[in-house]
Amino acid sequence: MAALTAAKLRYDWTVAEIEVLLTLPLPELIFRAQSVHRAHHPPDEIQGCALLSIKTGGCPEDCAYCPQSARYQTGVAPAGLLTVEETLQAAEHACRQGATRFCMGAAWRDVPDGKDFERVLEMVRGVRALGLEACCTLGMLTDEQAERLATADLTAYNHNLDTSPAFYDEIITTRTYDERLQTLARVRRAGIRVCCGGIIGMGEGREDRCHLLMQLASQRPHPESVPINLLVRVEGTPLAHEQPLDPLELVRMIASARILMPASMVRLSAGRLSLSDEAQALCFIAGANSIFMGERLLTTPNPETVRDQQLLDKLGMHLRSQAVRAVGDASKPRTAEVTGATD
Ligand code: SAM
Ligand code: DTB
Ligand code: SF4
């Protein structure tokens, strides 16, 4: 690892401190973020993840950004749960494209018990058997379901806080911020790593972004994985005509997340199609060390893999390799999160 001293992990960041960071002169903010990044992660390496929507559309929730809510006319055709074979084929394809993590998303409010859940468990076991990290995002879940996912060797569970507590009510009314925090606590108790982040560009202000970052950074341990999504504006959703956000705000958000959660993977997630190569490069310099690969996120388009490969080549960066995957992968929270050590 780099010679720089690893930052001590902190869980007591105040909103005022975070606001100072987020609004620093950009060169200073990026310098600090890159310094933290180098002390904890290989600076030229990006982890490739792939996403698959295993159950699409028809969701009863009203998340204003989401093309999969049954409340909006977005043209997304609802589809039942994929088969294990279909899912594992997609996982094998993702592996061949260079991904080391496979994320399965279902448009559920909460995880149903019964044959569908049994099938998801089988998918998780199958993805792990391919040597990939497995992540699921299935909505809210019970303690027992979390424990069963842990037993199936699920690497991480994704459940985003999305935005600040204050702005949240403008975006979702069908479940509370507190319910989201409870779901995250359940995942953690079951010994599954937490993937938790948010979306920017939904009309929130910098203050809301600071509050979201504070919520994330005050979790102990920090979420091991922090996806930062730039809103993909989908026709038919209430946020379809939201003002596009300046990409430099995304760079600031990523840099701040990197400084606040030094050991975590910070994932440049949805929204890359609306970013230039230069903006993506700045996101990597600011400490993002993962992207979603493949032409589709869950229901919306994403850059083609060849384009991503060209971009990384141009930047002299590379995808995390299989060899690193073999040693760097673990299904339990890292002790590093508690000790401040790095892997
Ligand atoms: N239903 C589950 C849930 O809400 O937890 C899982 C699937 S949901 C689509 C996963 C995450 O994708 C959301 O929490 C949200 O942060 C992100 N997302 C959904 N639509 C998006 C959009 N249009 N732009 C950016 N991110 C989006
Ligand atoms: C996350 O934070 N972003 C990914 C993943 N977690 C599941 C999902 C992005 C979805 C973008 C909208 C879509 O393609 O439907
Ligand atoms: Fe449903 Fe998840 Fe979309 Fe919300 S984000 S509408 S819960 S699929």
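Ala, Val, Leu, Ile, Met, Phe, Trp, Tyr, Cys and Pro count here as nonpolar, Asp, Glu, Lys and Arg as charged, and the others, Gly among them, as polar. On this basis, in the predicted model, the residues of the shell around ligand 3 divide into five nonpolar, one polar and two charged. The shell is made up of Cys59, Glu61, Cys63, Tyr65, Cys66, Ser69, Ala107 and Arg175, and the space that ligand 3 takes up is the largest cavity.

With regard to aromatic contacts, a search of the whole structure returned one aromatic pair. This pair is formed by Tyr168 and Tyr177, whose rings are arranged edge-to-face, with 5.3 Å from centre to centre and 90 degrees between the planes. Tyr168 is buried, at a relative accessible area of 1%, and Tyr177 is likewise buried, at 9%. A contact between a charged residue and a ring was also found, in which Arg10 lies over the face of Trp13, at 4.0 Å from the ring centre.

The structure holds zero disulfides, a bond of this kind being assigned to a pair of cysteine sulfur atoms within 2.5 Å. For Cys135, the closest cysteine sulfur belongs to Cys103 and lies 4.4 Å away, which is too far for a bond; Cys135 itself counts as buried, at 2% relative accessibility. For Cys136, the closest cysteine sulfur is that of Cys135, at 6.7 Å, and this separation is again too far for a bond. Cys136 also counts as buried, with a relative accessibility of 0%.

Notes: Residues numbered from 1 in each chain as written. Chains lettered and ligands numbered in written order. Predicted model: local features only at pLDDT ≥ 70, side-chain atom pairs only at ≥ 80, totals over all residues. Heavy atoms only, no water. Near = heavy atom within 4 Å. 1 Å grid on protein atoms, 1.4 Å probe; cavity = no way out; pocket = protein on both sides within 12 Å on 5 of 7 lines; lining within 4 Å. Sits in = over half its atoms within 2 Å of the grid points. Phe/Tyr/Trp six-rings, centres within 6.5 Å; stacked < 30°, edge-to-face > 60°. Buried < 20%, exposed > 50% of the residue type's maximum accessible area, 1.4 Å probe, protein only. Lys NZ or Arg CZ within 6 Å of the ring centre and 35° of its normal.
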